[in-house]
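User: I'd like to go through this one label by label. For each term you use, tell me what earns it.

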Amino acid sequence: MKGKILDKIFSQMPASVMDVARRLKQRGYAVWLVGGAVRDHLLGVTPADWDFSTDAPPEAVLKALSPPYRMVTFGLSHGTLLAVTPDGPVEITTWAFNGQEGLRKDLERRDFTINAVAVGYPDGALLDPFGGLQDLVAGRLRGVVDPLERFREDPLRPLRAARMVSRYGFRVSPKTEAAMRQAAPWLGRAAMERIREEIWKLLSGPHVMASLDLCRRSGLMAVFLPELLEGWRKKQNHYHRHDIYRHTLLSVHYSPARLRVRLAALLHDISKPRVRQKIRGIFRFYGHEKRSAQMSSEILGRWLAPKRLTEEVVTLVANHMVHSTDAWRDGAVRRLIHRVGEPLLEDLLDLLRADRLAHGIDEPSLEAVERLRVRMRRIVEEKPPLTRQALAINGRDVMAVTGVPQGPKVGEILTEAFHMVLQDPSRNDRTFLMDWLKRRSGVQENALFETGAAR
């Protein structure tokens, strides 16, 4: 094991990260690679984050590394510094005042045993005081020594456990899951930005369904997404094998690991429990897509999601009820493309596919989704006018021909023209549209004249 680690883990280390370790070692200090880098290497994953533990006092770390690196000392009270390198930030934990047991104490404060394994630089010596390697082999996630105490130190750690389940497919030990249930209410103390980032990472994992259900069992979901729990054991109708909650989790599972698609899958039916009605013995969910879009906006606002991402997810949710498209004319498909926007078309189609797969029944409309995908691509390649800005006339033309003054009425007329062109793109001809404006203006003038005469 030592030879394997010595040969490979440091060879994966970026040059500036290696330089950080070398500078500390050259000054006579012990340097150990700890945390996620060791875990990921042992799992066969290229490490993304590099953390060191050292017996160098904080002032010695600063002297050794600054310059050339900018040092961030916000965690100095806990013995932690951050070196900002060209290859990313490097966290350095010092244990100079803890004696020979310093490294072990540092590892004991880490969240999970799989993150409490250290590799000495540069000899590759291994330190694993809490059985992290054994847990890695077993695919087990276990808190270090006292999981509840670890969660008390950082209330975000239970959600981080769920995120690691999503990414790696770990099984949480019974003791650690019990501690998660006790600690779940503390999650509300964490900054929303930190909670949101964990949710984003959780949603991107290949084992997202198991992770979300862990959040339900542990009580975490009641803190960050209580609305989803409203669908627990809420039956649907003969179009669905599963209740609302399980259908949602399956929709996320079947979605590609793109954040806005998975967010849309997570939220697309979020309002169903609130709009559910039983009509002649069958559950119906009329208008749930509009209500779900509204709730999605509120939830993403609560999570402090970026405005653009929120708008994209809301658009996908609002337009996910697309059925019987084989019977649609091209004009209807163009209107859908206009409502969603070209950049979101593949996301919408992937959401439709995931939603249908999650029905859990033989779903012939899956083939219809693929036929719609082909039609949309063909229509986009034809380059029809899909936005009002693509019209062959503009507001100045409307005012010049109709005499309508600048204001909302001009926009209404342009929108009317755009809908006509969506139906038949050949009408997006300046001569035709100018004539249409004249005819439209003449008809309205005659109508006003006749109304006045009748009075």
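## Labels and their cut-offs

User: Why is Thr94 called buried?

Analyst: Its relative accessible area is 10%. Buried means under 20%, exposed means over 50%, and partly exposed is whatever falls in between, using a 1.4 Å probe and protein chains only. Thr94 is under the 20% line, so buried is the right word. Before we go on: this is a predicted model, where local features need pLDDT of at least 70 and side-chain atom pairs count only at pLDDT 80 or more, while totals for chains, interfaces and linings use all residues. Residues are numbered from 1 along each chain as its sequence is written, and side-chain values use heavy atoms, with hydrogens and water left out.

User: Where does Thr94 sit, and what is it in contact with?

Analyst: Thr94 belongs to strand S5. Setting aside neighbours within four places in sequence, its contacts are Thr54, Ala56, Pro57, Pro58, Val61, Gly79 and Leu81. A contact here means heavy atoms within 4.5 Å. As for the element names, helices (H or I, at least four residues) and strands (E, at least two) are DSSP runs, numbered from the N terminus. Counted that way, the chain has 24 helices and 11 strands.

User: What makes the buried residues of H4 line one face of the helix?

Analyst: Helix H4 covers residues 58-65, and its buried residues are Pro58, Ala60, Val61, Ala64 and Leu65. Looking down the axis of H4, these fall within an arc of 160°, so they line one face. The arc is that of the directions from the helix axis to the C-beta atoms. Glu59 and Lys63 are exposed on the other side of H4.

User: Which elements do the buried residues of H4 pack against?

Analyst: Helix H2 (15-26) plus four strands by name: S2 (50-54), S3 (70-72), S4 (80-85) and S5 (88-94).

User: How do you know which peptide bonds are cis?

Analyst: Go by omega. From Ser66 to Pro67 omega is near -10°, and that bond is cis; Pro67 is in the loop between H4 and S3. From Tyr121 to Pro122 omega is near 5°, again cis, and Pro122 is in the loop between strand S6 (118-121) and strand S7 (126-127).

User: What is noted about the phi of Leu304, and is the residue buried or exposed?

Analyst: Leu304 has a positive phi of about 60° although it is not a glycine. Its loop runs between helix H17 (288-302) and helix H18 (307-318). Its relative accessibility is 42%, so neither end of the scale applies and Leu304 counts as partly exposed.

User: And why is Ser324 called exposed?

Analyst: Ser324 has a relative accessible area of 60%, and the bar for exposed is over 50%, so the label holds. Ser324 is not a glycine either, yet its phi is positive, about 55°. You'll find Ser324 in the loop between H18 and helix H19 (330-340).

User: Asp111 is in a loop. What makes it count as buried?

Analyst: At 8% relative accessibility, Asp111 is under the 20% limit, and therefore buried. The loop runs between helix H5 (102-108) and S6. Not counting residues up to four places away in sequence, Asp111 touches Arg142, Gly143, Val144, Arg150, Arg157 and Arg160. C-alpha to C-alpha, Asp111 and Asp146 are 9.7 Å apart, with their positions 35 residues apart in sequence.

User: Why does Met434 get the buried label?

Analyst: Met434 has 18% relative accessibility, which is under 20%, so it counts as buried. Met434 is in helix H24 (residues 430-454) and touches Ile393, Asp397 and Val401, not counting residues up to four places away.

User: How does the radius of gyration of the chain compare with that of a compact globule?

Analyst: The chain has 30 Å, whereas a compact globule of 455 residues would have a value near 23 Å. That radius is taken over C-alpha atoms, and the globule rule is 2.2 Å times the number of residues to the power 0.38. The C-alpha atoms fill a box of roughly 100 × 60 × 40 Å along the principal axes.

User: What share of the chain's residues counts as buried?

Analyst: 52% of the 455. Also, among contacts between residues at least 6 apart in sequence, 68% join residues at least 24 apart.
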